[in-house]
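Work through the exercises below with the model open. Try each task before reading its solution.

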Amino acid sequence: MADTAALIQPDQGQDATLIHLVNKDGFETWAKKLSAPQRAALKAQKFDGSGYQVGIVPDGDGWFAVGGVANPDKLSSWCMAKLAEVLPEGTYRRADGQPGPAMHGWQTAQYRFERYKKPEQPVGPRILLTKEAGRIEGAIAEAKAVCLVRDLVNTPAEDMGPADLEDQVEKLAKLHSAKVSVTRGDALERDYPMVHAVGRAAARSHAPRHIHLTWGKESDPVLAIIGKGVCFDSGGLDVKSSAGMLLMKKDMGGAAHAIALSGLIMGAKLPVRLHLLVPAVENAISGNSFRPGDVLKTRKGLTVEIGNTDAEGRLILGDALTRASEEKPDLVIDFATLTGAARVALGPDYPALMTRRDETAQALIEAGKANDDEPWRLPLPEAYREWLNSDIADTNNAHANSFAGASVAGLFLDKFVGEGIDWAHFDTFAWRPMPKPGRPKGGDAYGLRAAWHMLKARYAGT
C-alpha cells in the first residue's frame, strides 16, 4: 500500500478536489444547489446519498466528488473509505467540515498486500487534507498498526514462522530502544515446557521459541501484552481437515495484534513498563509430536492432560501468562485466534472478550464502540470449570462436550493468570472473509483499537 504517513496531510490551502458528504435523507435538499447538468450527472450514476455511494460531478473545467454516508454530522471510521478506494490518484479535502475519525478508513482502504503479486495497473495515493493537525499523528499510527497486523497475517507460514515473528519483535525493539530475550532449545523445554511440547515437531527452521520484549521505566505500572504465535496449525495428531487447515497461516494473528499494539504503546510513550510476550510455534506432525492423552508439565507447575492436540494455542499461552504474572502486572491483555466457538457465536466482526473485572470489560467495550472496533463480552462461568477436570492431571486442555467452547478455553487460560491480576482475553478471528469499505478480504485487526484507546485512557488520560 501507499505509505500511510503520506495519505493524511495538514491542510495548508493546497490545490485539492472537494468531497461533499451527504446522506439519503438530505440529498434532495443538497442537490437543489446544483445545476441541472450536475443533477443529471448524479442521476445517471444512480446516486441518491445511500451509504458508501460515490458520485463524480462536473464543475466547470474540473469536478468534485460526492459520498453517501449515514450521518454527515457524525462520521465513523469507515464513512470515507469507499471514496479512498475508488477515487483516482490525487489530493482531496472535505468540503463542509473535517474528516475526523474517517481518517482511519481513508488510509486502511488503500491497503494492498503485494508481497507476492504486483497490481497490473497500480493506482497512486489518494491524499486527504485536514485542519485537525492534532489528530494526524495518532490516526497515521493506528492505520500503520492495523496494516502491520494485515501484513503479518496475510504472509504464508513458510515466510512467517517463529523465526520471522522473532525478527518482527527485534525490529520493533530496535525502533523503540527496547530489549528482547528469546528462549529456545533446552532452556525452552525447562522454562516454557508447554511451548516446547507444542512446537517440538516442527522442522528446525521453524523451531519453537518464547519471545519477550521489555520497555519503559521499571517504576511505571507493569503492562503485559501477550499474543498467540502459532504460525501454522495442522491440528497436530488430532489433525484438521484440509478445509480447516486452509487459513491456518492466520493462527499467529494474536501475536500480530500484540506486536502492533506494543508498537502503538511505545510510539506514544505511554507511562508503563511494557512486557510483550510471544510464544511462537508451528503445530506440526512428526514422530515426536505431543499426543492425545499425554500429560504436560507447565511453567506454573500444574499438569495438563491433552484431550485434544488441536487445542494447542491455550497451552502456549498458559506458559506465557504464567511468565507475565511473575512481574505482578497492573494489567494483562492477551490476543489469540483461539476458538471456532467464538466465531460461531459472534461471527468475524466482533472479537470475543473475557475479563475478570467488570470495569475492565466496560472500559474496553466503550473504547471499542467509540472507535468502531467493538468487542463482545463472553462470560467465564464458574459452573463450567469442572468440564476441564482430569482423572490423572490437574486439568485437561479440552472439554468433552460441545458447549461454550470460547468460555471454557478462557477458563483454561484463567488457571495460569496470577491470583487477583486484572486480565483481559481477546478471542479474535484476525481474518476478514468478505470485504467491506476500508477492510479488504484477508488478515485484519479486531480488538486492536479498542485495546489501544482503553490503554491510552487508563495510563495517559487521553
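**Exercise 1: Charged pairs**

R150, D349, R432, K436 and D444 are linked in a network of salt bridges. A salt bridge here is a side-chain nitrogen of Lys or Arg within 4 Å of a carboxyl oxygen of Asp or Glu. The model is predicted: local features need pLDDT of at least 70, side-chain atom pairs count only at pLDDT 80 or more, and totals for chains, interfaces and linings use all residues. Residues are numbered from 1 along each chain as its sequence is written, and side-chain values use heavy atoms, with hydrogens and water left out.

Task: find how many salt bridges the whole structure holds, then describe the pairs made by K240, R323 and R385.

Solution.
- Step 1. Searching the whole structure gives 30 salt bridges.
- Step 2. K240 pairs with D233; their closest N and O atoms are 3.6 Å apart. D233 is buried, at 2% relative accessibility. Buried means under 20% relative accessible area, exposed over 50%, and partly exposed in between (1.4 Å probe, protein chains only).
- Step 3. R323 pairs with E326, with 3.7 Å between the closest N and O atoms. R323 is buried at 15%, whereas E326 is partly exposed at 39%.
- Step 4. R385 pairs with D414, and here the closest N and O atoms are 2.8 Å apart. This pair links distant parts of the chain, 29 residues apart: R385 sits in the loop between β16 (376-377) and β17 (395-396), D414 in helix α14 (residues 405-414). Helices (H or I, at least four residues) and strands (E, at least two) are DSSP runs, numbered from the N terminus. R385 is partly exposed at 23%; D414 is buried at 10%.

**Exercise 2: Strand β6 and its sheet**

Task: place β6 in its sheet and state which strands pair with it in the parallel sense.

Solution.
- Step 1. Read the strand order. The open sheet of six strands runs β1-β6-β5-β2-β4-β3, with mixed pairing. Two strands pair if DSSP finds at least two bridges between them.
- Step 2. Take β1 (residues 8-10). Three bridges join β1 to β6 in parallel. I8 faces L128, and P10 faces T130.
- Step 3. Take β5 (residues 90-94). β5 and β6 run parallel, joined by four bridges. T91 has I127 as its bridge partner.
- Step 4. Follow the chain. β5, helix α4 (residues 102-108) and β6 form a right-handed β-α-β unit. Right-handed means that, with the strands pointing away from the viewer, the path from the first strand over the helix to the second runs clockwise.
- Step 5. Check burial. In β6 (residues 126-130), five of five residues are buried. R126, L128 and T130 cover one side, I127 and L129 the other.
- Step 6. Look at the edges. β1 and β3 (54-59) each have a single partner strand, so one side of each lacks a neighbour in the sheet.

**Exercise 3: Nonpolar cores**

Which residues have the most contacts inside the largest nonpolar core?

Solution.
- Step 1. Define the core: buried Ala, Val, Leu, Ile, Met, Phe, Trp, Tyr and Cys residues joined through side-chain atoms within 4.5 Å.
- Step 2. The largest core has 53 residues, and L165, I225, I265 and L455 have the most contacts inside it. Helix α10 (residues 253-267) gives the largest share, nine residues.
- Step 3. Another core lies apart from it, with 41 residues, including I316, L338, A406 and W423.
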